[in-house]
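User: Hello! I am new to this structure and would like to learn what the terms rest on. Could you show it and take me through it?

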Number of protein chains: 2
Amino acid sequence: MRYHKAPDETIRRLPSYLRGLALLLDQGYKSISSQGLADFIGINPWQIRKDFSYFGGFGTRGVGYDIEKLVKQIKKILRLDVVHKAALVGVGNLGLAVLAYPGFGVYGFEVAAAFDVSPQKVGRKVHNVAIEGVSELGTLRKRGIDIAIIAVPREAAQQTVDELVKAGVRGILNFSPCYITVPKKLKVITIDIAMDFARLPYYMPRQAGA
Amino acid sequence: MRYHKAPDETIRRLPSYLRGLALLLDQGYKSISSQGLADFIGINPWQIRKDFSYFGGFGTRGVGYDIEKLVKQIKKILRLDVVHKAALVGVGNLGLAVLAYPGFGVYGFEVAAAFDVSPQKVGRKVHNVAIEGVSELGTLRKRGIDIAIIAVPREAAQQTVDELVKAGVRGILNFSPCYITVPKKLKVITIDIAMDFARLPYYMPRQAGA
């Protein structure tokens, strides 16, 4: 089931709701109002209600949200109700940071394979994942891995994408700050940390006396 | 000058316009229509015109945008018309990846200092930046560094933020996947790569036959 009416910005916020709700569950909460959730996450309560309204709304007036049920509903919308196995391509500093990243579990992600071109790296095991040569990328399909994280130098990004497409990958998280061309049957989300940096000064308070 | 009316989503898109325009300049273009810019970046032309309308609109009907002028105007809005010096705190794998990151130049950012708690790292030079002990964080103010990038383990994030506040930092890019508490005089943008991951399956095309 796809919900075509929800704007991208709503889809962008849903994971942050999930993260907040997971923390609330950890702290022993069972239900919460949209106001309470909004305060906890740090956004407007009307924004939450509006986002949920695209999916028919989830709360009961005056009672609030059943947290566990809400988590399940959001996971279903985002298709996170199944475990996704991902492959990392490029085990440099950024790739190593991805392998060590503690935040994937909440969303049901597992980095199940890692690939690199360097013969010095292939065969080593990092954070319980054995590094394989890129010549093994063709095995992804039969291993049920359909998501890839690209952390290769930008010169190598396009070729890596082309190989991943052949290997049946349908979703890519791209850390190479470059434009890549992909067929329509594939979704790519590019993370450019410089772009997040670039909107920081806009929001920074002025210096005293400036 | 602050433009309070522009929504956050517009501010989120402005850096991607800047990046696209910089590439167009590199390729020798002098002016471009909103349709041409939209095609190049891969978004809707009405979105570009709407985003620019918050700042009075930049183009001339039928002529399009003067690219160099537009770059200057967007940089001014985002306060990227001055060079920003940033400090990196935490020189682990992620920190090393930040130091090696090639994408900051477009936005006028310079990672001018790096700090770590490890005595083995302090004193070493990485990508032309000498690693200093965290006890030196107090020197940031007099060095004109008012932005910090936090790439420390999440247990250490809050304490790091507290020290950066004391050191006069006004903006933080936080890579630790955790909630941190900050005074109002500081802007923090948290980058949680798991959250970008979490919206990928929603957009992935279905498998053949699924």
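Analyst: Happily! In this model, 46 residues of chain A are in contact with 46 residues of chain B, where contact means that C-beta atoms, placed from the backbone, lie within 7 Å. This is a predicted model, in which local features need pLDDT of at least 70 and side-chain atom pairs count only at pLDDT 80 or more, while totals for chains, interfaces and linings use all residues. Residues are numbered from 1 along each chain as its sequence is written, with chains lettered from A and ligands numbered from 1 in the order in which they are written.

User: Which element gives the largest share of the side of chain A that touches chain B?

Analyst: That is H1(A), with seven residues. Helices (H or I, at least four residues) and strands (E, at least two) are DSSP runs, numbered from the N terminus.

User: Why are H1(B) and H2(B) called roughly perpendicular?

Analyst: Their packing angle is about 100 degrees, and their axes are 10 Å apart. Angles of 65 to 115 degrees count as roughly perpendicular, under 35 as roughly parallel, over 145 as roughly antiparallel and the rest as oblique. H1(B) and H2(B) are therefore roughly perpendicular to each other. Among the residues making this contact are B:Tyr17 of H1(B) and B:Phe40 of H2(B).

User: What makes E5 and E9 of chain A stand at the edges?

Analyst: Seven strands of chain A form an open sheet with mixed pairing, in the order E5-E6-E4-E3-E7-E8-E9. Each of E5(A) and E9(A) has a single partner strand, so one side of each lacks a neighbour in the sheet. Pairing requires that DSSP finds at least two bridges between two strands. E7(A) and E8(A), for instance, pair in the parallel sense over four bridges, and A:Ile149 has A:Leu173 in E8(A) as its bridge partner.

User: Why does A:Asn128 count as exposed?

Analyst: A residue is exposed if 12 or fewer other C-beta atoms lie within 10 Å of its own, buried if there are 20 or more, and partly exposed in between. A:Asn128 has 7 C-beta neighbours inside 10 Å, so A:Asn128 counts as exposed. This residue lies in the loop between E5 and E6 of chain A, and its phi is positive, near 70 degrees, though it is not glycine.

User: And how is B:Arg79 classed, and why?

Analyst: B:Arg79 has 19 C-beta neighbours inside 10 Å and therefore counts as partly exposed. B:Arg79 sits in the loop between H4 and E3 of chain B, and has a positive phi of about 60 degrees although not a glycine.

Note on methods
Axes are lines fitted to C-alpha atoms, for helices over the stretch in contact, and angles run from 0 to 180 degrees between N-to-C directions. Two residues are in contact if their C-beta atoms, placed from the backbone, lie within 7 Å.
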